Each structure stands twice: as structure tokens, then as C-alpha cells.
Amino acid sequence: MFNSKPVLVSGIKPTGDLHIGNYFGAMRQFVELTRTGKYQPFIFIADYHALNTMQDAEEMRRRTRELVMAYLAIGLDPKEVVFFKQSDVPAHTELCWIFDTITTMPYLMRAHAYKDAEVKNKEITIGTFNYPMLMAADILLYDAAIVPVGQDQKQHIEYARDTAEKFNRIYKTDILKLPEPYIMPGVAVVPGIDGQKMSKSYGNVIPLFASHDELAKCVMNIVTDSSGDRPENVYQIHRLVRSEAELAPLYEEHRGKYKILKELLIEDLDRYLAPMRAQYEELQKDPGIVDDILAKGKNTARAISEIKMEQVRTTIGVA
Ligand code: ADP
Ligand code: TRP
């Protein structure tokens, strides 16, 4: 049914407003890798993963639609990319269960996300504990060759690789292909306005579709350390939207003048983000597009994943 290009798989949870950390850390790579024409991309909405932290039906529906529009607004082409909702493809949870039967609790207890939650004394649902197995299923169902993500997801890809190896070993098969993470070296972790990792859970984000005024507010709030000449937290964001060669003379000329450097950053960010923001606003006028794309993606992703599930069922002896 599909061409024989290596497969790219990635997903994002529809849990909050996207920020430039999501974009530079992961989403921009979706676009760049797709444009090379070398991959067959499957990019999905990780709504079942989101369910661990978001239990509001209206919000789930709204944020799912927003994420599809965001994928389109950043330049992904629905003619090339298969877009779908994780929940539309039952094979994801089915394969997750099969992985659960070969995975031990101590192994899952080593996951960073689990350990962090435990240190913070949070109540941990089985869904959160099992997060890496659903993610392994997301990836392995499509024979993914590469999985573009930010640095924080690297361990999850290792879980997917380990699980594929273990399954293949137990069942003396090679039907599960080992995926490689794809993490952009210079942007592995985008800092937030407080200098920590930018994350919606830390409230330190610059929203991807922020208006000029919102951008200005965020940038002016970037925490600066007055000890050095260069405001590092400003620079680390600035270099994402303008080359370091161009920035060097500007930072030299305005050495120590943080307000001017922030104003320059606001304009550069705005120039970079404005076309995507305009595209996003345009898409909001035509809600039918989202429905059509998801309906089409659902059929394709179901058909492709069912081929792998047939192999898996035969391999484990339930078919
Ligand atoms: P958040 O941390 O805001 O909850 P998600 O966990 O939903 O973001 O991340 C979605 C994608 O964006 C993942 O591939 C993740 O690695 C990437 N990402 C998120 N924040 C950053 C960041 N600050 N720097 C680089 N990549 C990031
Ligand atoms: N865990 C990823 C995140 O928090 C989202 C995700 C779910 C994903 N399944 C995936 C990413 C499969 C890549 C491949 O961002």
C-alpha cells in the first residue's frame, strides 16, 4: 500500500499550548525531515497519553483540533504526512498490552518520568507508569526508522528499542524493527524564560503562536543574570531564530544593554513566527479541514498497523 521509504514516526500530546521549545526541539525537525522526501512520515496526536494528565472531554477535543492545525501551520503537508489520533487506531493499545506481558515492573521503575513523579510524591496512575510501553507500541507498529523528538524523550525511544529486542528474542523473530531517535544537537533542550527547560508544566514558555504583544511580554520577563556581558537566557533563545554569526556583532555592540537586546529578540522572534501564526489563524476559519485529515489518517494508520498486528498475533500464537 505504501512506498518503501524509511518511516518517520512522532507524536505530541494535546495537553497545552505549544511553545517554541516544542517547535525547535521536535516539530521543526518533522518539517525538515519530511521536506527531504526521504521518509514516509506518520505524525499523530497522542491523546491516550494525554489522558494521564487531562481528564476533560471538551478540552481534549479542542486541543486535539488545535494540534492538527498547528501541524499544518508549521508547514507539514497532509498529502505527504499521515496524521491521525492515537485513539483512532486500536492497535496501539493492543500492542501495548502484549508488551506489558513481557515487561517487568523494575524495568519500568527506571523511567525518568516515573522516578520524577515518585520523588515529588505524586500519585502515579498505571497509565503513567506504563507510558513507555504505549509509546513503544506507537513507534514499533509502523516499523519506524527514525523518531524526531526533544532530548527529554530519548529514554522513551530506548524503551522502545529494548522492547523490540526483547520481543524478537523471546519469540525468535525479527518482525519488530529497532528505531533510532533523531535529536537536533544544538536545540536538544530549549530554555524557558527562567532559564530552566521550557515546559508547559513550569509556566516558563514562549507560546508558538503568540501575538507580537504576547511575545514582547514573555521576552521582557526573561530572567537575566547581571554577572556577565551577555544575557545568556536571551541569547540561547535568540540563536534559534538568527544565526550566531549575525548575533555576534549585535551582542558586542549592545554589550550589557539587556533591554535593547531583548527588543531585538522580540522583533526577530516575531519575524520568524509571524508566517506560522498567520497560517494558524487562517486554518481556524475552516474547521472541516481537520475532520477530513483525521478521517483519512485514521483509515491509513489502521490499515498499516493492522498488517503489523497480524504478524504479531501470529507470532505470539493467538492467530
Ligand atoms: P512539555 O515539556 O511542555 O510538556 P511535551 O512533553 O509535550 O512538552 O513535548 C512535546 C515534544 O516537544 C517532545 O518531543 C519534547 O521532547 C519536545 N520538547 C518539549 N519541551 C522542549 C524543550 N524545552 N526543548 C526541546 N524540546 C522540547
Ligand atoms: N511522549 C511524547 C511526548 O511527551 C509523545 C509521544 C507519544 C511520542 N508517543 C510517541 C513521541 C511516539 C514520539 C513517538 O512528547
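Which polar side-chain atom lies 3.0 Å from an oxygen atom of ligand 1? The legends below take up this contact and others in a predicted model.

**View 1. Polar contacts hold the focus around ligand 1.** The answer to the opening question is a polar side-chain atom of Ser199, which lies 3.0 Å from an oxygen atom of ligand 1. The protein covers 94% of the 540 Å² of accessible area that ligand 1 has on its own. Lys197 also brings a side-chain N or O atom to 3.0 Å from an oxygen atom of ligand 1. Gly150 makes its contact through the backbone: a polar atom there is 2.9 Å from an oxygen atom of ligand 1.

**View 2. The shell around ligand 1 has 17 residues.** His19, Asp152, Val190, Met198 and Lys200 come nearest to ligand 1. Sorted by class, this shell holds seven nonpolar residues, seven polar ones and three charged ones. Where does ligand 1 sit? Its place is in the largest pocket.

**View 3. Ligand 2 has a shell of 13 residues.** The closest are Lys13, His49, Tyr131, Asp138 and Gln153. Seven residues of the shell around ligand 2 are nonpolar, four are polar and two are charged. Which element gives the largest share of this shell? It is α8, with four residues.

**View 4. Side chains meet ligand 2 through polar atoms.** Start with Tyr131. An N or O atom in the side chain of Tyr131 is 2.6 Å from a nitrogen atom of ligand 2. Next comes Gln153. Here a polar side-chain atom lies 2.9 Å from a nitrogen atom of ligand 2. Then look at Lys13. Its side chain has an N or O atom 3.4 Å from an oxygen atom of ligand 2. How much of ligand 2 does the protein cover? It covers 91% of the 370 Å² of accessible area that ligand 2 has on its own. Two elements, β1 (7–12) and α8 (131–140), give two or more residues each to the shell around ligand 2.

**View 5. The largest pocket has 50 lining residues.** Ligand 1 sits in this pocket, and the space taken by ligand 2 is the largest pocket too. About 1,600 Å³ of space lies in the largest pocket. Which lining residues lie nearest its centre? They are Lys13, Tyr131, Asp152, Gln153 and Lys197. Some of these names have come up before. Lys13, Tyr131 and Gln153 are among the closest residues to ligand 2, while Asp152 is one of the nearest to ligand 1.

**View 6. Helices and strands build the lining of the largest pocket.** At least two residues of the lining come from each of β1, α1 (20–35), α6 (112–119), α8, β4 (144–148) and α9 (154–170). By class, the lining of the largest pocket divides into 20 nonpolar, 20 polar and 10 charged residues.

**View 7. The structure also has one cavity of 30 Å³ or more.** About 30 Å³ of space lies in the largest cavity. Which residues line this cavity? The lining is made of Ala111, Ala113, Tyr114, Thr128, Phe129, Tyr131, Pro132 and His156. α6, α7 (126–129) and α8 each supply at least two of these residues. Six of the lining residues are nonpolar, two are polar and none is charged. Tyr131 links this view to earlier ones: Tyr131 lines the largest cavity, and its side chain has an N or O atom 2.6 Å from a nitrogen atom of ligand 2.

Notes: Residues are numbered from 1 along each chain as its sequence is written. Chains are lettered from A and ligands numbered from 1 in the order in which they are written. This is a predicted model: local features need pLDDT of at least 70, side-chain atom pairs count only at pLDDT 80 or more; totals for chains, interfaces and linings use all residues. Side-chain values use heavy atoms; hydrogens and water are left out. A residue is near a molecule or strand if one of its heavy atoms lies within 4 Å of it. A polar contact is a pair of N or O atoms within 3.5 Å; within protein, one must be able to donate a hydrogen and the other to accept it, and residues adjacent in sequence count only if both atoms are side-chain atoms. Accessible areas come from the Shrake-Rupley method with a 1.4 Å probe; for residues, only the protein chains shown count as cover. On a 1 Å grid over the protein atoms alone, a cavity is a set of points where a 1.4 Å probe fits but cannot get out, and a pocket is an open set with protein on both sides within 12 Å along at least five of seven lines; lining residues have an atom within 4 Å of a point. A molecule sits in a cavity or pocket if more than half of its atoms lie within 2 Å of its grid points. Ala, Val, Leu, Ile, Met, Phe, Trp, Tyr, Cys and Pro count as nonpolar, Asp, Glu, Lys and Arg as charged, and the others, Gly among them, as polar. Grid points are joined across faces, edges and corners, and a volume is the space filled by probe spheres set on the points.
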